Each structure stands twice: as structure tokens, then as C-alpha cells.
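Trainee: Got a minute? I'd like to walk through this one with you.
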Amino acid sequence: MVVVGPLGFGMEHEEVKAALGGRWNGGGQRTVDGWRWTPYHDCHVSAVYDQGNHLVAVQADATGGPFVRLDDVEPIGRAPSGARVEILGLAARWGAGATTNRSGNPQIAAWSVSMITGQEWGWLPEGHVGRKDTVITSALFTAPGVTDDTAASGRPARPAIALSDPRARIRANGRMHGCREHSMDTKEAGPFGNGTSTDAGDAAARAWTAASRTLPAPGTYVEGPPLSVDWVDHVDTDPVRALEMLVLGWYPAEDAPPDPDAPADDILALLPKALAAFHRLARVRPALYRFCHPILLHPRHVTRRDGGRLVFAVENQGCADWSIPWPPQGGPEDVDPPVRLTEDPCDDDDPETVLEAEPLSRFLLQFTLKQASGIAPFNAWTCVMPTERLEPLRSSLRPVPLRPYMPAYGGHLFYAAPGLLASISADENHADAAFGTRHRETLAPLKAYDFPWSRFDAQPS
């Protein structure tokens, strides 16, 4: 395989952009070793370039972009189990191997064609939006030589999961692969682990397990009235109080037993006030432990080149985590410590860290707002929209007085209206916006703006 539609392996960025009609909205990421992942949002295509800026892989998000067919097999939108027989038959006809990388093991060599799955959401028989099947959503095509061994290609083999997103490092068998150990006095680590990266990886795996638990059935909780915006009044003066009001007003109580893995009071007493408050809230609102990017049920102490850190949250594919300085140093920062995002914490001897814009108490508020606005019972999403089209909407939304969340990755600002939360990332030209609500009718006024919606959970027809 040397071509994917109009794209040829070996092309440079400008050639790829021209082949896609000159459309590129900016953005992308570069790995430590010089590989670059570049999204072309309008075309729903992402390209991977090697150190020499040559195209070596193409990922097509075929649910909203180009049509994907492998010979006579149309795999997109189907459950993997349903497409498996046809894909195996196709591989047999081509004389190719076919296998399944269920755990995303990065030690498995890349393949020429990889099918990538995602969670499907839609209307359930009970009349609300929920999780449905896991389906094949995109395809990753990899150039010859990248998938071959070093002797044949002159390049190191690259894992397919890293090509689909160079940040991704998926766990396998309940443990982070490739974690480099940094020894630490176990006594100093105390109740927060033995101070090693592997121990932190195991804690992350347990958090992923908790986050993937089945959502409660509608009959096991009672939806309350729409969330007011009163909590915004407390963001500047008491962010922990604002978080409590937001969580208790947004997430319903559930008829469920306490999580047996949740931290006990003696552990919470050792944590900063804001983080302890988050875990106490999770006792009465278990949804806090089902975030897409989970909070660790038990924070873990690790040693990095910048000193001791307490990891308290992880990105859902293990390619980043969030931490605070640890142990406490007895200074004023201990009350509300700064938060750092660490990229590739297990695959890099000297991982890159980024200081988040807000201290822990306000960061946890940002973290919760991002989850609540992006993944709710009812959502409306729009992307790559001219920024000026948002202006009429801003008058009906109340800004949440927080600095941009994750400024290195879009810099989201948050807004609130009765029963509605919004996350908006915008520059001078384009804006992405996500709206979330727990009451479907709250989305109805947004129809008047005629945005290019990629998802809009209106009333079922």
C-alpha cells in the first residue's frame, strides 16, 4: 500500500494539505523523538509524519469523514464481532495476517491497516441517550517500512497505537507498559504507594476499571431540577464550595452501595482540602469516579526529575497524568498546591510537564466542568465554526471566572446557564463548543443559532 485516496506515503505536509484541498485548521502534536501528528479537521483525517516530515500513516475518521472500504468489506459503524469474520476472510484472500490487539499492547508491532473502535451513543429504549455498542469508527493506514522490522526498513518499528495518536500509551494486563522505575524510600511514600511508576500505573488501571463501570439504570436515581447558576458566585471566593454546589446540583444521587475501593477518612485527612472534598463528594455522587479521565481512587506518590509528586488523575489512555508536589513542604502552597500535567509519564525518562493555569481547588472545578459539559445525558457539539458566530450566544451564558483549562490543548473556557454547562475553545478564526445538560428540553433554544452541529440530542422523531 503506497497511497490512501489522494495521499501518497512520503508526501510532505504542504503536499498533503494541497491534496486535501488546501484545508488545514492548524494544530497537531510532536513526539519527543520528532514524529508529528497533524489533524485536518475539515476532512476528518489525521496524518503522521516522521522525523523528516514525510507522511508515514493516515487515520481516517470514517464516521464523519471519508468512506472506508477494504476490498468488498465495509467495516465502519459495525461492532468488531460482526466485522471480524469478513475481515479474516479478506486477510486470507490477501495472504495477510490478522489479529486483535484487545489491550492496546504497545509491544505489538504496527500493522498496515488497523481498525480502531469507539463507544457509540444513542437513544435507548428507555427514552434517554446512553451507551450502546462499541463499534469500528476509524481506520489507520501505515506505510510499508514503518510496519516492517528495522533490518528491512532502516527505521525502528512503531506501534500502531502510537501512530493513531503519538500521545497514546495504552495499559495492558492491568499495568502500564514501559514504566521506568525510580526507587524511593517506601516509608516516605507511606499510604500513597511505594513511590514507583509501576505502582502508579497499577493505581491508574484500578481507576480505569472504576470509570468503566456500567452507568446506573434510570430507575435507580431521581433526576432533580435543572442546575441553577448560583454556584458561579463562589468560584472566586470559595472554589471548594462552588465545586460542592455544582456536583450536588448536577449529578443525581444514586441507589448504590459505597465504593469499597474509595479512600477512607484517615487517608483523606492527609490530602489537600480540595482533593479530600472531591473524594467525599464522590461518596454521595459516584459519577465523579466515572469520569472519562478518571480521578485515582487512591492517589499515588511517584519520584520524577523535578522531585516527588502525588498523581491524583490520569488521562484515559495513560498518556498523561496530573499531579501536585509531594510530600508537603510546610509552605503556603501546601494549602492549594499547583497542578502539573505530565505527558508520557511511563515512556519517557524525562517527561514533559506543563503547569496548569489554576491551583488544585480551581483545577478540580475545571476538571469537573470539562467532564460534565462534554459528556452528559444530552449533548450538543459543534466544531471548526467561525468564532464570530458565537457572539450572539454569549449574552445568554454566564462566564465561569476561571483561566483557560489545559491551555496547551485548546484552552477551554466554561460558561453556565440554568440547567446548561458549556465548554468553548476558540481562537481568532475558529471555535469548538460543547454543551451538556441533564434535561433534554434545555437544548431546544440552541437550535435557533443554526450552528454546524456534529451532535445535537433533540427530541427523538
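Trainee: In the hairpin of β5 and β6, which residue takes a positive phi?
Mentor: Asn53 does, with a phi near 65°. The hairpin has 5 residues between its strands. Keep in mind that this is a predicted model.

Trainee: How do β5 and β6 run, and how many bridges join them?
Mentor: They run antiparallel, and 5 bridges join them. β5 covers residues 45–49.

Trainee: And what stands opposite Val48?
Mentor: Ala57, in β6.

Trainee: How many residues of β6 are buried?
Mentor: 6 of the 7, over residues 55–61. So β6 is largely enclosed by the rest of the structure.

Trainee: Let's zoom out. How many helices and strands are there in the protein chain?
Mentor: There are 11 helices and 19 strands. The chain has 461 residues, and 48% of them count as buried.

Trainee: What share of the contacts is long-range, say 24 or more positions apart?
Mentor: 57%, taken among contacts with a separation of 6 or more.

Trainee: And how much surface does the chain expose?
Mentor: About 21300 Å². Carbon and sulfur atoms supply 53% of that.

Trainee: Now the inside. Which residues of the largest nonpolar core touch the most other members?
Mentor: Trp231, Phe312, Trp322, Leu364, Leu365, Leu369 and Leu421. That core has 53 residues. Apart from it lies another core, of 19 residues, including Phe9, Val45, Tyr49 and Val73.

Trainee: What is Leu421 in contact with, beyond four places in sequence?
Mentor: Its contacts include Trp231 and Leu369, along with Leu246, Trp250 and Phe435.

Trainee: Leu246 and Trp250, where do they sit?
Mentor: Both are among the buried residues of α7. The others are Pro239, Val240, Ala242, Leu243 and Val247. They cover an arc of only 155° around the axis, so they lie on the same side of α7.

Trainee: Why would residues three or four places apart point the same way?
Mentor: Because an α-helix has 3.6 residues a turn.

Trainee: What does the buried part of α7 pack against?
Mentor: α9, α10, β17 and β18.

Trainee: What span should α7 have, and what does it have?
Mentor: Its 12 residues, 239–250, should span 16 Å at 1.5 Å a residue. The end C-alpha atoms are 16 Å apart, which agrees.

Trainee: How far does α9 reach?
Mentor: 17 Å from first C-alpha to last, close to the 16 Å expected. α9 also has 12 residues.

Trainee: Which residues of α9 are buried, and what covers them?
Mentor: The buried ones are Ala274, Leu275, Ala276, Ala277, Phe278, His279, Leu281 and Ala282. Their cover includes α7, α8, β9, β10 and α10.

Trainee: Change of topic. Leu443: buried or exposed?
Mentor: Leu443 counts as buried, because its relative accessibility is 0%. It is found in a loop, between β18 and β19.

Trainee: What does Leu443 touch, leaving out residues up to four places away?
Mentor: Phe378, Asn379, Ala380, Leu420, Phe435, Thr437, Phe456 and Asp457. Phe456 is 13 residues along in sequence, and 8.2 Å away, C-alpha to C-alpha.

Trainee: Last one. Where is Phe141, and is it buried or exposed?
Mentor: Phe141 is in strand β8, residues 129–142. It counts as buried, because its relative accessibility is 9%, under the 20% cut-off. Its C-alpha lies 8.3 Å from that of Ala60, though the two are 81 residues apart along the chain.

Definitions and conventions: Residues are numbered from 1 along each chain as its sequence is written. This is a predicted model: local features need pLDDT of at least 70, side-chain atom pairs count only at pLDDT 80 or more; totals for chains, interfaces and linings use all residues. Side-chain values use heavy atoms; hydrogens and water are left out. Helices (H or I, at least four residues) and strands (E, at least two) are DSSP runs, numbered from the N terminus. Buried means under 20% relative accessible area, exposed over 50%, partly exposed in between (1.4 Å probe, protein chains only). Contact means heavy atoms within 4.5 Å. The expected span of a helix is 1.5 Å times one less than its number of residues. The arc is that of the directions from the helix axis to the C-beta atoms. Two strands pair if DSSP finds at least two bridges between them. Accessible areas come from the Shrake-Rupley method with a 1.4 Å probe; for residues, only the protein chains shown count as cover. A nonpolar core is a set of buried Ala, Val, Leu, Ile, Met, Phe, Trp, Tyr and Cys residues joined through side-chain atoms within 4.5 Å.
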